[in-house]
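I opened my notebook to look up a few helices and one charged residue. My entries follow.

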Amino acid sequence: MDRGLAAPNQTLKMIPSFVVNLPKGSETGTYLALDLGGSNFRVCEVTLEGAGSSGAVSNVRMRQRKYVVSDDLKTGRGTDLFDFFADCVREFLVENGIHATDPAHNELVLGFTFSFPCSQTAINKGALMHWTKGFTASGVEGQDPVQLLQDAFHRKQLRVRVASLVNDTVGTLVAHAYQDPSTHLGIILGTGTNAAYVERIDRIPKWDGPIPASGKMIVNTEWGAFDQEGVVLPLTSYDSVLDRQSAHPHLQTYEKMVSGLYLGEVMRLVLADLASTGELFRGVSSTVLTTPYSIDTALMSRIERDHSAELADVRVVLEDLISIPKTSAEDRRIVKRVAELIGTRSARLAAAGVAAIVSKINRLDDCTVAIDGSLFEHYPHYANRMRDALREIVGIAADNILLVQARDGSGQGAALIAALADA
Ligand code: GLC
């Protein structure tokens with residue numbers, strides 16, 4: 001982390017987000033947000049209602065719609081991807097009766113959550129350093145995603161101004177701080193994984209911009225890249241195969257051991273190997289089992305959730321969904337154990353990351369960590385496994401570190417940051 005804060009081009013990119021204030025809770029107004037995470041893409045209208053006179057918790061109202069980004073869009077031409085975003089925004093506005101083409105109405109202000117590593121030069125300006133999470137769309141790396149989106153809005157004659165470029169971790173942190181000021185970390189444990197935190201500006205030697213009055217800056221760590229040089233994390237042969245065959249070899253090493261896009265694939269590689277050596281399924285495999293990325297992490301969750309004596313649901317998963325002709329109770333026990341090992345490794349590595357940042361910012365006495373993402377929300381025992389590991393790492397201080405589920409933070413956060421930038 002210190003290396004990344006000191007100089008550019010380090011493994012941990014430690015990107016200054018240009019967000020220098022946490023919200024006060026009194027912000028109000030209506031903003032659009034566009035949120036490209038990993039598997040989903042959302043358009044939201046966010047209405048900030050402030051804290052009201054009673055000092056109650058700040059209120060946020062949201063209307064939103066999810067769209068699926070197809071593999072063709074992820075891997076095709078960048079302009080098609082951004083035209084698709086603009087089309088979705090238009091559809092959303094029409095559906096909700098919001099005017100965006102009529103010059104008689106004010107321009108709409110939009111916060112753009114673009115959850116990929118972008119070096120930023122302003123709150124609404126940056127450049128995509130490289131794609132992650134299976135995206136490879138052409139003509140986007142090295143470009144400013146805000147400009148690409150703004151151009152697409154022009155092509156579609158939408159009067160929408162992109163006011164902020166926000167990483168999902170930064171959005172999650174800001175949105176949660178709107179309600180709980182002791183929030184100092186925002187974490188995503190979903191398709192990908194990453195963390196943002198509040199850093200003191202004098203601890204960011206590479207920062208050469210103006211010194212903010214707050215003396216602080218939210219930093220996007222891009223921790224998914226941790227140990228890209230492969231010297232710290234104990235990799236298995238399955239991790240190495242996964243890396244070699246991935247869309248981004250030698251990148252995002254930690255993310256590949258932790259996040260939802262990859263866990264099912266690690267599991268598939270282990271099961272395929274054990275089937276080939278005859279240790280599972282009496283040596284019988286299936287085309288599903290030999291097809292990359294055919295096991296979704298959601299299936300692993302299902303396997304871990306089965307506590308029945310005969311592992312009846314594990315049987316359904318293996319025999320009906322993964323097409324293994326016949327499984328024994330012993331096979332199913334082994335499969336469940338493999339899922340537990342991979343899921344636990346992920347949670348424990350994530351906890352190590354949290355412990356590292358909380359220790360770095362000296363907040364072992366009191367820190368709220370806002371966490372969003374399907375893995376943390378839906379994977380069985382995930383939060384508890386993280387808490388157990390935190391206790392092993394920082395001891396009793398773990399009780400002061402609150403890991404809380406934050407939902408829809410990235411969209412809300414982008415709107416809040418647009419509001420802060422617009423003020
Ligand atoms: C990947 C992206 C990062 C994002 C994370 C979670 O690691 O590089 O920017 O925050 O996924 O979506």
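**Entry 1: α8.** I started just past this helix: α8 is followed by Gly278, whose phi is positive, near 85°. I noted that helices are DSSP runs of H or I with at least four residues, numbered from the N terminus. This is a predicted model, where local features need pLDDT of at least 70, side-chain atom pairs count only at pLDDT 80 or more, and totals for chains, interfaces and linings use all residues. Residues are numbered from 1 along each chain as its sequence is written, and side-chain values use heavy atoms, without hydrogens and water.

I then checked the span of α8, residues 260-276. Its 17 residues reach 25 Å from first C-alpha to last, close to the expected 24 Å (1.5 Å times one less than the number of residues). In α8, 14 of the 17 residues are buried, so the helix is largely enclosed by the rest of the structure. Buried means under 20% relative accessible area, with a 1.4 Å probe and protein chains only.

**Entry 2: α13.** I found 13 residues here, 382-394, reaching 18 Å, close to the 18 Å expected. The buried ones include Tyr382, Met386 and Leu390. Down the axis of α13, its buried residues fall within an arc of 160°, so they line one face; the arc uses directions from the helix axis to the C-beta atoms. Just after α13, Gly395 has a positive phi of about 70°.

**Entry 3: Asp168.** I located Asp168 in helix α5, residues 168-179. Leaving aside neighbours within four places in sequence, Asp168 is in contact (heavy atoms within 4.5 Å) with Thr113, Ser115, Ile188 and Ser410.

Note on methods
Helix = DSSP H or I, 4+ residues; strand = E, 2+ residues; numbered from the N terminus. Buried < 20%, exposed > 50% of the residue type's maximum accessible area, 1.4 Å probe, protein only.
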